[in-house]
Amino acid sequence: MAVIIKDNIFVLETENTHYALASGINGIEHLHWGKKCNVEDYEYHELHEMNSNHAALDFCKTEYIQFGSTMYREAALKCTFFDGCRETVLDFIKAEKDGNTLRVKLEDPHYGLKVNLVYKTFEGTDIIERFTEFENASNNDIVLEKAASAEFNFPSLKPYCITNTNGSWGGEFLRSGHILKSGSLVYESRKGTTGHHHLPAIIASRNATEEFGEVFFAVLASVGNFKVSVTRDFTDKTRGIIGVNEFDFSKTLKPGDKSRTPSVYCGYANGFCEMSNMLSRFTINELLPKEFAQKELPVLYNSWEATGFDVNETGQLALAKKAAKIGCELFVMDDGWFGERNNDRAGLGDWFVNRIKFPNGLKPLIDGVNELGMDFGLWVEPEMVNPDSDLYRKHPEWAYHYDTREPSLLRNQLVLNMTKPKVFDYLLNRLDEILSEYNIKYIKWDMNRPLSEIGAENLENPKEIWQRHTKAVYDIVDILRERHPDVQFEACSSGGGRADLGALSHFDMCWTSDNTDPVDRLEIQHGYSLIYPIKCMRAWVTDANKDQRPITTDFRFNVSMQGSLSIGSNLLNLSDKELDKYAYYIELYKKIRRTVQFGNLYRLRNFKEDKIYFNGYVNEDKSQAVYFSCTNANSTFGRFFVNVRFLGLDENATYHMKSEWREMTKSGAYFANVGIEFDYSKPLESEIFLLEKV
């Protein structure tokens, strides 16, 4: 990995690619992103005005557009200065390299705004981190009205397919794609979290499949609201800007203040699977909290779907005994253990153990769970408060509000103003005391509604709340991690509303969706896997839709074993035969867990095109691989034949393959290039293939 500076040309060299830029009369311009070239061959060409309607800036491949002058495209940076000037002019100062980091230093000398474009490479990968730094070196305030993390230029003059998701609560990560021939595509969040709708990412491809084709990607480590915009203009150039959403945003830089944008992680891959695996390895190795990054996630049992709010020591221990018997390693008690929390209308904010449900506190329950050989975890929703709570009655001003407006209740709750020091300290202290008093190894941190009535009278600039709220959450988690390094944290926001690389820089995993129907989850998990690690994807086996369609226990496990396996079924309602089947699959999962959580993923077939899902996971040395097949829920009008190939294997090795229905020994080359033809005659059939080197 290297940073090369040659006169006015700057090159970032990754494992297989170059990212090149240059300083010139029109600012910092992009030269190349893709396969490596001879560094000496890079050249900078000056562009000049074409005519009175097309200035040179219309044609420049700019690295970071500033608002003003003759630039009329969407800006990456927009400022208002103390005298009302809204135009930013950044002069190039110098470029510095520090190991694998390049800083391109810019300045608006008239107003004392210093801007650094920062690029960082990492050993053994083609991913580059980008972010932007700001410093107010003047004696007056500077207001940032837009401050994107990065701008991108894509090389081809032909249209790109822009891949993202179009989701909702209960239907997150539903993959979509658009050929962008002209105009703009915008993907964004305005709710204070990453949200359930879109990915904070640019994925631009041409003629790409899972296995082949040029794919450029840039993924934001989101902090609150984000915006991604991709444009193809009259010059046939495709460009993208990604970062904090300028919706209801501004940030005031006082004299001497410094600030930086969230990071973007970008790269160039051959096919979507290579992109996904590159991002997965990078996230695990570089972003996840180090304590648990390289460790397999435990099989957990969560009591929510079994008991709801009706939790007590006896009932939870009864479930725990069943969970331990089938092989679970972690028991998580969900909502209902605190305050007057008997339904979703009361108790949020009162983080004290309910002494009616637990007269002796949580210790007897936790001791009982530990004696069964499992760790204990707890659900919390610290950012929220019910009006019917002791906390709100004592401190109604702690919720976001406007004095002249009626607060909006969603799920009977309001959002606490996390930017207030007293709120921050209260939540930190309560959680710290709980973790200090009890032997808790796992916290599921939930957030079940977006922000509204966003008044924050404590802030001089209330438009900063969208990012400051999320940063406060991350700060609390970071402090708790430091004080309790043996506790794992899961990020949840009504499902996948906080599944992003920003959260995964502080949390160990994320909840993917509140929808646990296995057929729906196949599509949800498919979209999730585009840019996020399988290791971090909690996937539950539950009783969802058991009465609506005949989904077998085998099918449910097939789907959930393709992530970090978890159990949410009401175990008290299962027969001994059903519990034995749960135990069988949990034992099988433990044998393949490391391959699934850390191996390379191959999305080989999908419902939309093939009427079947077929995904493979291959470990690093290719000694073990596991493949999962699931047929569609719809009729196949009789017998349905499908040929599948087992990609990712060592073609020079011999593998023994075993599934529920078949067993054979073949070469890796045969499995990969010839494959096997299956006859799936019924909807909702599933099969798990375990391949191990002979």
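Select helix α7 (465-483). In this predicted model, α7 gives the most to the lining of the largest pocket, with 7 residues.

Now show the rest of that lining. The largest pocket is lined by 35 residues in total. Other elements that each supply at least two of them include strands β9 (128-136), β10 (142-154) and β19 (258-260). Add helices α1 (272-287) and α6 (421-437), which also supply at least two residues each.

Which residues lie nearest the centre of the largest pocket? Pick V223, R260, P262, Q467 and K471. The volume here is about 860 Å³. Colour the lining by residue class: 16 residues are nonpolar, 9 are polar and 10 are charged.

**Next stop: the second largest pocket**

This one holds about 620 Å³ of space. Its lining counts 27 residues, and C273, E274, N277, M278 and R281 are the closest to its centre. Keep α1 selected. The largest share of this lining, 8 residues, comes from α1. Add β20 (264-270) and β31 (600-605), since each of these strands supplies at least two lining residues as well. Colour by class again: the split is 9 nonpolar, 8 polar and 10 charged.

Helix α1 therefore deserves a second look on this tour: α1 supplies at least two residues to the lining of the largest pocket, and 8 residues to that of the second largest.

**Next stop: the barrel**

Select strands β21, β22, β23, β26, β27, β28, β29 and β30, in that order. Together they form a closed barrel of 8 strands with parallel pairing. Neighbouring strands of this sheet are turned by 30° against each other on average, direction ignored.

Zoom in on one pair. Strand β26 (residues 442-445) runs parallel to strand β27 (residues 488-491), and 4 bridges join them. What stands opposite Y442 in β27? Click on Q488 to find the partner.

Now bring in the helices that pack on the sheet. Take α8 (residues 518-528) to begin with. Helix α8 touches β28 (509-511) and β29 (537-541). The direction of α8 makes about 170° with that of β29.

Finish with helix α10 (residues 576-598). This helix also packs on the sheet, where it touches β29 and β30 (564-567). The direction of α10 makes about 155° with that of β30. Leave β29 highlighted: α8 touches this strand, and so does α10.

Terms used. Residues numbered from 1 in each chain as written. Predicted model: local features only at pLDDT ≥ 70, side-chain atom pairs only at ≥ 80, totals over all residues. Heavy atoms only, no water. Pairing = 2+ DSSP bridges. Axes fitted to C-alpha atoms, helices over the stretch in contact; angles between N-to-C directions. Contact = heavy atoms within 4.5 Å. 1 Å grid on protein atoms, 1.4 Å probe; cavity = no way out; pocket = protein on both sides within 12 Å on 5 of 7 lines; lining within 4 Å. Points joined across faces, edges and corners; volume = space filled by probe spheres on them. Nonpolar A, V, L, I, M, F, W, Y, C, P; charged D, E, K, R; others polar.
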